Amino acid sequence: MAGIRAWLAAAVTVAVLATLPAWAQTPPAAKPPAQPPAREVELGRQADALQRDARYADAVVAATELLKLREARLGPDHPDVAWPVMRLGELRRIQGRYAEAESLFKRALAIRETKLGRDHPDVAHSLVLLALVDIPLGRYAEGEVFARRSLAIREAKFGRDSPAVASASNVTGLLLRAQGRNAEAEPLFRRALAIYEAHRGPDDVELGHVLNNLGSHYAAVGRNADAEAHYKRAVAIHEKALGADHPDLANTLSNLGNFEVQRGRYKDAEPLLQRALAIRERTLGPEHPAVATTLNVLAECYRYQKRLAEAEPLQRRALAIREKVFGPDHPTVADSFNNVALLERALGRPEAAEAAYKRAIAIDEAAFGPDAFSVINTRTNLARLYADAKRYDSALEQSRLATDGAVRYRQSEAAQRGAGVESERGRYRSFFFLHIWLAYKLGEEKPGQRTALAAEAFEQAQLIYASKASQAIAGMAARFAVGDDPLAAVVRERQDLTERWRRLDGAIVAAASKPPAERDQAADKAARAEHASAGQRLAALDAKIAQDFPGYAELSSPRPVKLADLQKMLGADEALLAYASSTTTTWLWAVRRDRAAFYNIDMTSKALRGEVAVLRGKLDPTRNPELKAFDVKRAYALHQSVLAPAAPLLDGVRHVFIVPDGALQSLPIGVLVTAPPADKIDYRKVAWLARQYAVTTLPSVSSLRALRQLAQGGHAPAPFLGIGDPALGGKPGGARGAAGADGDDDVLRQLAPLPDTADELRALAQSLGAGPDTLYLRERASEATIKALKLDQYRVLAFATHGLVAGEIEGLAEPALVLTPPGTTSADDDGLLKASEIARLKLNADWVILSACNTASGETPGAEGLSGLAKAFFYAGSRALLVSHWPVASQAAVRLTTGALDALKREPEIGRAEALRRAQIALLEDKSIGRSGHPMMWAPFVIVGEGAPGH
């Protein structure tokens, strides 16, 4: 994590080294008279040329002589004297002589405000440079005031789309980012980018600076693909426009090198950093603060590779430069102290490391407050140092301070809708995992505190989850909890609009990383306009919701559930198992109404992923078409690792809620084996976990609270709606899905027909007492028809059809359910009910049954365990889902879904999870169906959401 802290210093340097465009160096209203003396003209040209060639010392000589001549001719306070004053100040800023630069900028500002007025464009020029020099001086709030004032003047004088506005917008963004206000900074950078692209060519230097700043922003919030694309475009622009030996190019190379260090790509990073260092030392001098920035990052690159002897002198040299230039209490000095401490720890010098960490914390806390990421990160490093010495009390004290700050910071970020918020949350995972581990270790050391520490760790574990499915459930529950129909409609509109805003946002970011020639300019312009319109409407909706229902924000933002509160939600025969999997271990909490336990499982997230992959390989028919034997011994071994430790606490439990993490999201735990299997496998005699417990999957612990306390609104009047058996013309087949398909709507028509889904839906309707008019089959199963229905009138909805994942047919960018293809495709009806369209439906369903393939799995390896389809149905208003982890054989799908509803009809009090369990066991034991005992056949479906009786 130290590397992120190092990036903050590097990011500030982006602005410090940026060369201002020609119009900013010579504002139109401040140019010398039409007939200046020839010597002054010549000196101005010399200073310009020398600055362009990065010969800054020579440029200072020319600029100083020019200023003296101008003062002698016009007097010290003439407006035309302000121009060479600003030129000299800019050169001093580039040289890292910030106090001199500030003094010159303030002198020019005073002249201009007195002679030209406070709202003159030349005043805005002085203000933006003062703001820029405040960044290395660490005066971010003061600089923000200057930058915003400059921005306002320029907008009024030049219009919102002027390059002058772009420059002020860029600098304002830098100051906000330096304060950790990423969500506010990003739109300012992107505004500057759009203006420069519209008014300058694709190879403009200033455009490269903004791309560089955006790359640093995206790196900071964990959006690596966007960061890399922006950095590389910036490097290409700067190398072409400035040549291979310019400090602005070195700046971009240094940031790209730092980015590669954070991704662990040290061989790629090292030559970038060494090249940047050589350019900076040659053009700026060996004691320039920009040199310290690259030294700092290069030292980190060596430390990560355990090349400590090479790292130490670089890091100490960086600290010495920063202390000399900035003084002892500057944030960049804190950055160096943090990294020196990391080196001291690696070198086995804990006392020196502790002192350096404390020095870094003191500096940053004074500058930014306790919730700044740099403070949180350094406290976490100090906690690790104490843990090395087994000082767990002291370590946990520091970790508590760090995670408390992280929670407050995340809450402030979560209030923003900006792109990258989920990534911003994700980068705190290591802080919360450390807190959990320290609580566990202290509990081992002090058994009397173990119960309280387990409860504390349980809340920390919940902070790790950043599940979109959990957010969808919370949003749905809050919508129902609002109760008032007009306000509920406003809340729903806001949720829909936020999703659209984010999709547009992602498209705009992706386009910005490409040169203009590679983009659809018309589509890009339309997306920006729609994005702006959506943002304005969101602001209006936020104001209305805040006024009419101020408690909504609390309801819709999942927060940790206290262990004692969770226990009150559980029935006597219920338990909740919550997992958190890290790179070093896996944690498990087992919670009953009257007791709870906390386990450290010796299995890394990587090892767990490997075990699950092996088991999944025999469960997915696309990977095991010949139905080869399932490895029951491996399933038993995994059970012994991840669930058996909690078995004593599960005595008397009939219904288990599971909150999986990592690879466990991809495996229905019913296929685990609870007793040693015989050498000769008979599936019907295996001790499957599904025989022992009814299981419900939850995306998060807070989902249970949302479903049980908030989402219990009025129930829909009609019992059932079934949609399936679309009119398809392909060859009959046994599985639902479109493996191998690769075309347009004609390919949809050639998918295998599913006539047995009609029988399945009829049986489901009969189980629920619904008539044939509630079935939408064949031609009635069209997208246009379904969208026109009042779907919130039905308690149970069932879709029995093909389910497609993103990319399964050409051009499909999101998961979808296949419906009857229309005669003529349109935007509203192309035969595919996509996740984004499902999310816009209005449901009030107790249960949605997705009898299609791949409706539980995430779309990509390592993705969240619920697909976009599942999340979309929660978002639309379903309290529970029946979803599948792999493509399901049609005969098995019919038996499982109808069997579950039949069981529920006979005994309504058993709940959905138990009804599914009984259907699974019935299929498992049915000898009339070939190979039905293989878990591929009976185990694909899981209940997600509320699966318990009586809720």
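**Exercise 1. Work out the handedness of the crossing of α9 and α10, and how their directions relate.**

Step 1. Look along the pair: the crossing of α9 and α10 is left-handed, where left-handed says that the near helix is turned anticlockwise from the far one by less than a right angle, and right-handed that it is turned clockwise. Helices here are DSSP runs of H or I with at least four residues, strands are E runs of at least two, and both are numbered from the N terminus.

Step 2. Get the geometry. The axes of α9 and α10 (residues 182-199) come within 8 Å and cross at roughly 155 degrees; axes are lines fitted to C-alpha atoms, for helices over the stretch in contact, with angles from 0 to 180 degrees between N-to-C directions. So α9 and α10 are roughly antiparallel to each other, the label for angles over 145 degrees (under 35 is roughly parallel, 65 to 115 roughly perpendicular, the rest oblique).

Step 3. List who touches whom, contact being heavy atoms within 4.5 Å. Among the α9 residues are Pro-163, Val-165 and Leu-176, and they meet a set in α10 including Leu-188, Phe-189 and Ile-195. The residues of this contact split into 11 nonpolar, seven polar and three charged. Nonpolar covers Ala, Val, Leu, Ile, Met, Phe, Trp, Tyr, Cys and Pro; charged covers Asp, Glu, Lys and Arg; the others, Gly among them, are polar.

Before going on, note that this is a predicted model: local features need pLDDT of at least 70, side-chain atom pairs count only at pLDDT 80 or more, and totals for chains, interfaces and linings use all residues. Residues are numbered from 1 along each chain as its sequence is written, and side-chain values use heavy atoms, with hydrogens and water left out.

**Exercise 2. Repeat the job for α8 and α9.**

Step 1. The axes of α8 (residues 140-158) and α9 (residues 163-178) come within 9 Å, crossing at roughly 160 degrees. That makes α8 roughly antiparallel to α9.

Step 2. α8 passes α9 in a left-handed crossing.

Step 3. The contact includes Tyr-140, Leu-151 and Phe-158 from α8, and Val-165, Val-171 and Leu-175 from α9. Its residues divide into 11 nonpolar, five polar and four charged.

**Exercise 3. Lay out the open sheet and find its edge strands.**

Step 1. Walk across the 11 strands: β3-β2-β1-β4-β5-β14-β13-β12-β8-β6-β7, with mixed pairing. Two strands pair if DSSP finds at least two bridges between them.

Step 2. The edge strands are β3 (596-601) and β7, each pairing on one side only. From one strand to the next, the twist averages 20 degrees.

Step 3. At the β3 edge, β2 (residues 586-591) and β3 are antiparallel over six bridges, with Ala-590 bridged to Ala-597 in β3. Helix α22 (residues 429-445) packs on the sheet, touching β1 (574-581), β2 and β3, and its direction makes about 65 degrees with that of β2.

**Exercise 4. Is strand β6 largely buried or exposed, and which strands pair with it?**

Step 1. Eight of the nine residues of β6 (residues 718-726) are buried, so the strand is largely enclosed by the rest of the structure. Buried is under 20% relative accessible area, exposed over 50%, partly exposed in between (1.4 Å probe, protein chains only).

Step 2. β6 pairs in the parallel sense with β8 (residues 794-800) over six bridges. Four bridges join β6 to β7 (residues 775-778), also parallel.

Step 3. Gly-722 stands opposite Ala-798 in β8 and opposite Leu-775 in β7.
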